[in-house]
Amino acid sequence: MSKENYKGVDYYLLDELFTEDEKAIRDTVRDFVNNEVLPIIEKYNQDMKFPIQLVPLMAEMGLFGPNIPEQYGGMGANNIVYGLIMQELERGDSGIRSFASVQTSLVMYPIFTFGSEEQKQYWLPKLASAEKIGCFGLTEPDFGSNPGGMITKAEEVDGGYLINGAKMWITNGTIADVAVVWAKLNGKVKGFLVEKGTQGFSAPEMKGKLSLRASVTSELVFEDCFIPKENILPNSGGLKSPLMCLTQARYGIAWGTVGLAMECYSTVLEYTKSRIQFGKPVAQFQITQEKLAYMVTEITKAQLLCYRLGQLKDGGTMRPQHVSMAKRNSCEIAKNIASMAREMLGANGILDEYPIMRHLNNIESVKTYEGTHEMQTLILGEDVTGLPAFQ
Amino acid sequence: MKIAVCVSLVPDSTTKVKIGSSGKSIDENGVTFILNPYDEYAVEEAVQLKEKSGAETYAISFGSDRSKEAIKKAYQMGIEKGILIKANSDDYDSYTVAKNLADALNELKPDLIFFGKQSIDFDGMAIPGMVATLLNLPFVNVVTKLDVNRNEVTAEREIEGGKEIIVSALPAIIGAQKGLNNPRYPNLKSIMASKSKPIEEKNSTYSGNKTEVISMNLPPAKGKGKILENGAESAAELVKLLRDEAKII
């Protein structure tokens, strides 16, 4: 989608529901994506590099921890604002949105929720200003959908803890100054802050990804890694704690992937209106219109679902299962729309002149991470039947 | 130091302009209005000076209530105070705008006045120069670099094939050109704060236009192209058409 013409997708006049602030912030992030992300992202994606130079700019705009209270360096914004930021960032690239999601939902949120006052005072303003970058270590090589089976363990020793184990698929791992690591202490899951450079801790970058290429994905390795006593997140306890973080991250994904779908739809709409075959625009063929109608309908439904989810979150009545529904739906429709868009662009769909193939590759990860499509399905299944399928 | 930035609200640069029913102005239905892009450089320069030396900053706009949006955007970028001079009608020309701005600036007495080098709606490039004349102040336009000292400014401006460096006493008027700085993306906090920041409203001091729009027309639609399909054999016909029909050779 040529950046100048992008006006978003608003078939049901949702702009009438957004406040002046919400629209102004969304449009500012849209400008940022148009001017700073879109012109460079294909190259970074091809080169398998994260455009880290964008991070200070994003921090200045207040994109990290916008929903964290101002006293800790956040903006005290509502969750619709947070959602709209994610929507716009992921319209640029899932890797950029992932960076912001991790910093906010998986690092600032657990420190804010489970941290001591000292930890909050020290870390949150530094994370908001991106003076420090964070990552979140839950998934392990053998424990993905079933994180409760984790092997990584912490052992109490004189003055602190010894951590042993390994984490995998960790966004920002290699570039992070601090890792929020989940490990079993006496059989119970606890959160720990592991700082870069700690002896026995390494974070090698994973190579060979064909998705989320403009994002850093790493392993975290702990070999008798000693961390001081004050680095435990004192108010964390049990698997529920990291799952609460995932609920936050899924909330951002639910909004973000709608942005991805909006970009694919806008691109293909413009393309099919100008591409002439058999003497008329491709958009004039019924077979194209059927697809465009599907896309705009699914985007509109997903936007409404996210908007209501934001209201529930701000009102304090959102349940994790509500988030699962939105994450599951947005990723599903975004993947379908990206895939259809690729076909509708014909051979052009595979070129990096268009954003489609990159988004199509990215959504493959996003549909799986922070809780797979299947797990979201089973969470909803359990919620409506009362019968857990995965226990 | 007191700095004023004169800002205007213009149709988004991607707008497909339609002529309104009066035939004398554009149809504003469905048009998104934004802060004039060149004004963003002017605002950024003022905000940077404020951050460096604690200057007092004002954004001033002439127009309808809608022009408050231009002032709000200036607030979001860091300007502290705003003044809207309310136009008596929608029918005003460059001189009316300039005269009203000059009257307000005369009252405010800033040390430095910024404009965008032009507004992208009418592209007249007229108002900053008129204001300078009305206030009898030095004026440097198309400025790409600026140094402000206590009592003078050194401005670098673009000229055909080179640069011109002008030193001027203060107060002075500067027209900002792309390249002067990188306008910031407003911070979320200042976006949220801008909404509740008051804007001072002033009545218009002048409304007698010096010019009148008689009619407004879109450029004629492009004619259909002609394709000569006989390859090299068409060369003679092509030359004939270029000479006799298109009259370009």
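Trainee: What is the relative accessible area of Asp65(B)?
Mentor: Buried means under 20% relative accessible area, exposed means over 50%, and partly exposed lies in between (1.4 Å probe, protein chains only). Asp65(B) counts as partly exposed, because its relative accessible area is 42%.

Trainee: What kind of model is this?
Mentor: Residues are numbered from 1 along each chain as its sequence is written, and chains are lettered from A and ligands numbered from 1 in the order in which they are written. Side-chain values use heavy atoms, leaving out hydrogens and water; local features need pLDDT of at least 70, side-chain atom pairs count only at pLDDT 80 or more, and totals for chains, interfaces and linings use all residues, since this model is predicted.

Trainee: With which residue does Asp65(B) form a salt bridge at 3.7 Å?
Mentor: A salt bridge is a side-chain nitrogen of Lys or Arg within 4 Å of a carboxyl oxygen of Asp or Glu. The partner of Asp65(B) is partly exposed, at 22% relative accessibility. Asp65(B) is also linked in a network of salt bridges that includes Lys86(B) and Glu201(B). The partner at 3.7 Å is Lys68(B).

Trainee: How many residues apart in sequence are the parts that Lys81(B) and Glu56(B) tie together?
Mentor: Lys81(B) and Glu56(B) form a salt bridge, with their closest N and O atoms 3.5 Å apart. Lys81(B) lies in strand β5 (residues 81-86) of chain B and Glu56(B) in strand β4 (residues 56-63) of chain B, so the parts they tie together are apart in sequence by 25 residues. Strands are DSSP runs (E, at least two residues) and helices are runs of H or I (at least four), numbered from the N terminus. Both residues are partly exposed, Lys81(B) at 38% and Glu56(B) at 30%; the separation in sequence is 25 residues.

Trainee: Which residue of chain A forms a salt bridge with Asp12(B)?
Mentor: Asp12(B) sits in the loop between β2 (9-11) and β3 (33-35) of chain B, and its partner is in the segment before α1 (20-47) of chain A. Asp12(B) is buried, with a relative accessible area of 16%, whereas the partner is partly exposed at 47%. The closest N and O atoms are 3.2 Å apart, and the partner is Lys7(A).

Trainee: How many salt bridges are counted between chain B and chain A?
Mentor: Over all chains the rule counts 33 salt bridges. One pair between the chains is Lys195(B) with Asp21(A), whose closest N and O atoms are 3.1 Å apart. The count between chain B and chain A is 3.

Trainee: What area do chain B and chain A bury between them?
Mentor: The size of an interface is often given as the accessible area lost when the parts come together. Buried area is the accessible area (1.4 Å probe) that two parts lose on being put together, summed over both. Contact means heavy atoms within 4.5 Å, and 12 residues of chain B are in contact with 24 residues of chain A. Carbon and sulfur atoms hold 60% of the buried area, which is about 1500 Å².

Trainee: Which residues of chain B lose the most area to chain A?
Mentor: Together these residues make up 47% of what the chain B side buries. They are Tyr185(B), Leu188(B) and Met192(B).

Trainee: What area is buried between domain 2 and domain 3 of chain A?
Mentor: Chain A is divided into domain 1 (3-128), domain 2 (134-231) and domain 3 (240-385), with bounds from an automatic or database domain assignment. The C-alpha centres of domain 2 and domain 3 of chain A lie 30 Å apart. Between these two domains, 10 residues of domain 2 are in contact with 11 residues of domain 3. Carbon and sulfur atoms give 71% of the buried area, which is about 820 Å².

Trainee: How many salt bridges are counted between domain 2 and domain 3 of chain A?
Mentor: In domain 2, Ser145(A), Ser211(A) and Leu212(A) lose the most area to domain 3, together 48% of what that side buries. The count of salt bridges between the two domains is 0.

Trainee: Is Glu140(A) buried or exposed?
Mentor: Glu140(A) lies in the loop between β1 (134-137) and β2 (153-157) of chain A. A polar atom of its side chain lies 2.7 Å from the backbone nitrogen of Ile151(A). Among the residues that Glu140(A) touches, not counting those up to four places away in sequence, are Met150(A), Ala166(A) and Met168(A). Because its relative accessibility is 4%, Glu140(A) counts as buried.

How values were computed:
Polar contact = N/O pair within 3.5 Å; in protein donor to acceptor, adjacent residues only side chain to side chain.
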